[in-house]
Amino acid sequence: MDVFYVPYLAVAALVLVGLYAVIFKRNLIKIVIGITLIESGVNLFLITLGYKEGSIAPIYTASPSSIMSMPVPQALTLTSIVIGVAVLALMLTLVIHIYRHYGTLDVRKIKEDEE
Amino acid sequence: MIDFLIEHSPALIVAVPLLGAFLTPLIGKINDKVRNIFVILITLLTTSLILLMLNNFLPDATPITYVFGGGPANVGTSDAPYAIRILFEIDGMNAFMALIAGLLPLIAVIYSWGFLKDQTGQDKFYTLLLLMTAGMLGMILTGDLFNFFVFLEITSIASCALIAYRTDNKFSIQAGFKYIVISAIGALFLLFSVAIFYGQYDALNMAVIANNIKYGFLDKIALVILIAALAMKAGLAPMHMWIPDAYGRSPASVAIVLVGTTLASLYGGLRVIFTIYGKTLLDMGSTISPNIIIGFLLIALSILAIFVGVFLALKRSDFKKMIAYVAVAEIGYIFLAIGAALIRYDALKTVDSFTGEVISYGSGFYALQGGILHILNDALDIGLLLLVAGAVYFATKETSINKLGGLARNMKYTTIFFLIGFLAVSGMPPMNGFASKLLIYQSTYEVSPILGIIAILCSIMILAAFIKVFQSVFLGPEIPSLKNVREVPKSMLFAMGIIACIIIFIGLFPDFIIENLVTPAVDALHNSAGYISAITGGA
């Protein structure tokens with residue numbers, strides 16, 4: 001198997017572990033961690049797509065190598081990271097509020113809104 | 001001046017609410033009244049820019065591209081298009097959606113004037129509401145998949161904060177958390193499929209991707225992910241469980257804009273299916289062509305959504321949550337029509353090959369017309385009902401249907417608006433819901449009679465559910481604790497009145513709307529080549 005595929009396996013692992021955490025974990029913090037894992041997986045996927053072996057950053061005019069990595073996925077990743085931070089902060093704020101109301105983070109003990 | 005405004009209207013439509021959002025806290029320092037007027041002016045300006053754009057666009061209905069930073073959209077050749085720039089592309093479908101997305105926030109801010117009076121944190125409320133508007137309009141107008149993701153996230157973050165606006169209520173916090181988990185996962189999977197496209201076609205522009213799409217294995221994965229993510233954000237069953245919480249627990253003026261964001265996600269789904277995969281929908285190379293598979297999948301899920309929505313709406317005793325379950329069923333109706341249109345995609349219309357004139361329209365065309373008209377009607381009907389529920393809560397501080405009664409005595413106008421809203425949502429003539437639901441019944445009946453029957457029966461059950469609510473909330477004996485209930489402030493009545501007028505107008509003149517707004521949208525969805533060539537054919 002080619003070494004080239006290793007990052008893609010990491011992407012699959014990160015996304016699947018993240019999904020597992022979101023679906024099966026009972027603790028709200030762990031659900032938040034799951035979402036961050038999915039986000040890391042997607043970011044890694046974007047970066048891997050734009051990478052070429054032995055390439056350099058496309059910012060030099062007199063560059064030693066003519067192979068440059070694609071800057072667009074990196075720009076996308078940067079945007080995605082910034083958005084991710086905002087979402088993470090918002091989720092943690094809500095978790096704090098939920099803890100204040102219920103005194104627990106266990107989803108089984110948080111009363112479902114039945115009405 | 002007016003030419004400048006028309007030329008730059010696509011950018012200004014997003015820029016005006018965005019700028020307004022960040023100016024709101026500053027203007028809020030002066031006093032509440034000035035700030036409210038400012039916010040209303042901003043939304044009014046946005047809506048008039050949308051109308052200006054529509055006025056410029058609709059007569060010939062050729063797609064407009066607006067390239068940020070100027071210059072041509074396409075720097076490659078038409079064989080190898082290379083649209084690297086960020087651009088907005090407006091065709092009949094986005095123009096139609098932009099009108100809805102412009103109207104709902106305008107009504108919401110007028111309503112909020114009375115609804116939020118003397119509450120704290122209003123500056124933040126209006127800032128977030130305008131941000132949500134900007135995000136929603138951006139989602140609708142953009143011609144670039146990555147920007148779609150960015151605007152989707154802006155919308156989700158702002159709407160999540162607004163759902164959890166009443167932090168003292170534990171259920172609204174819970175609803176906010178549910179919403180952000182759903183939308184974060186949805187958006188991340190959307191980004192994942194954007195990456196799949198970028199890896200294959202080196203493009204983020206929807207038209208360029210649509211031009212190059214080959215419907216290989218990776219494209220199929222991307223299609224599944226995109227439909228799943230966007231249907232989840234649009235609240236299609238079985239991923240509908242966040243809708244009742246989000247609509248039911250957020251302030252009414254947020255809920256009505258949330259309806260708009262759900263529909264913007266639905267628009268994203270339409271854009272993916274009909275434009276990005278438009279070329280491959282009738283792929284006869286495979287054993288079953290994709291349009292049949294997607295069509296049956298959407299129909300199955302939408303029938304589930306309609307049943308879930310209707311039956312749970314009958315069971316609920318919370319006024320707003322009950323309306324939210326009806327909203328789930330209404331989303332089901334829209335998807336039902338889209339599914340029927342996909343199955344009959346090859347029979348949309350027969351065109352005379354010599355003159356190019358349309359000879360006859362197939363049932364797929366009517367299904368799509370019904371579905372798209374129902375997007376508008378859903379926004380108006382559910383929006384009106386949510387505002388009425390908010391008004392009842394405002395007047396009585398009570399949401400449970402069992403504890404309310406006899407409100408018609410003191411709240412005449414609200415009662416009339418509720419009557420209009422529930423007749424419209426259950427598809428009774430002469431309200432707007434009748435026109436779109438009739439188109440949906442007819443066209444789904446042609447796909448399979450059972451679908452048509454289910455659609456009609458469930459509409460009747462929605463009516464039954466609402467008559468129960470109408471009887472117990474507005475009619476019946478006066479409840480002593482509600483003796484001193486007064487009619488809600490004028491601004492709230494005015495906001496509800498605007499929607500009620502539009503509902504009756506569309507109900508009386510559905511042809512006007514169908515001809516001028518819906519048919520260009522249907523044509524735009526059907527004609528993905530037109531959308532593509534506006535970018536790739538050189539600017």
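A residue is called buried when its relative accessible area is under 20%, exposed when it is over 50%, and partly exposed in between, using a 1.4 Å probe and protein chains only. The structure treated here is a predicted model, in which local features need pLDDT of at least 70 and side-chain atom pairs count only at pLDDT 80 or more, while totals for chains, interfaces and linings use all residues. Residues are numbered from 1 along each chain as its sequence is written, chains are lettered from A and ligands numbered from 1 in the order in which they are written, and side-chain values use heavy atoms, with hydrogens and water left out.

**Exercise 1. The build of chain B**

Task: State how many helices and strands chain B has, and determine why chain B counts as being as compact as a globular protein of its length.

Solution. Step 1: Helices (H or I, at least four residues) and strands (E, at least two) are DSSP runs, numbered from the N terminus. By this count chain B has 19 helices and four strands.

Step 2: The radius of gyration is taken over C-alpha atoms, and the globule rule is 2.2 Å times the number of residues to the power 0.38. For 539 residues the rule gives 24 Å, and the radius of gyration of chain B, 22 Å, is close to that, so chain B is as compact as a globular protein of that length.

Step 3: Along the principal axes, the C-alpha atoms of chain B fill a box of roughly 75 × 55 × 40 Å. Of the 539 residues in chain B, 63% are buried.

Step 4: A contact means heavy atoms within 4.5 Å. Among contacts in chain B between residues at least 6 apart in sequence, 79% join residues at least 24 apart.

**Exercise 2. Two residues with positive phi**

Task: Locate K397(B) in chain B, and decide whether K397(B) is buried or exposed.

Solution. Step 1: K397(B) is in the loop between helix 13 (363-396) and helix 14 of chain B. Its phi is positive, about 60°, although K397(B) is not a glycine.

Step 2: The relative accessibility of K397(B) is 54%, so this residue counts as exposed.

Step 3: D202(B), also not a glycine, has a positive phi of about 55°. D202(B) sits in the loop between helix 6 and helix 7 (206-212) of chain B, and with 47% relative accessibility D202(B) is partly exposed.

**Exercise 3. Cis peptide bonds**

Task: Identify where P238(B) and P430(B) lie.

Solution. Step 1: P238(B) belongs to the loop between helix 8 (217-234) and helix 9 (242-249) of chain B. The peptide bond from A237(B) to P238(B) is cis, with omega near 5°.

Step 2: P430(B) is placed in the loop between helix 14 (412-425) and helix 15 (432-447) of chain B. P429(B) and P430(B) are joined by a cis peptide bond with omega of about 5°.

**Exercise 4. Salt bridges around D245(B)**

Task: Determine which parts of chain B are tied together by the pair K178(B) and D245(B).

Solution. Step 1: A salt bridge is a side-chain nitrogen of Lys or Arg within 4 Å of a carboxyl oxygen of Asp or Glu. K178(B) forms one with D245(B), the closest N and O atoms being 2.5 Å apart.

Step 2: K178(B) lies in helix 6 and D245(B) in helix 9 of chain B, so the pair ties together parts that are 67 residues apart in sequence. K178(B) is partly exposed at 22% relative accessible area, whereas D245(B), at 5%, is buried.

Step 3: D245(B) also meets K321(B) in a salt bridge (3.0 Å, N to O). Since K321(B) lies in helix 12 (residues 319-343) and D245(B) in helix 9 of chain B, this pair ties together parts that are 76 residues apart in sequence. Both K321(B) and D245(B) are buried.

**Exercise 5. Chain A against chain B**

Task: Find how much area chain A and chain B bury between them.

Solution. Step 1: Buried area is the accessible area (1.4 Å probe) that two parts lose on being put together, summed over both. For chain A and chain B this is about 3300 Å², 78% of it on carbon and sulfur atoms.

Step 2: The contact takes 37 residues from chain A and 38 residues from chain B. Across the interface there are zero salt bridges.
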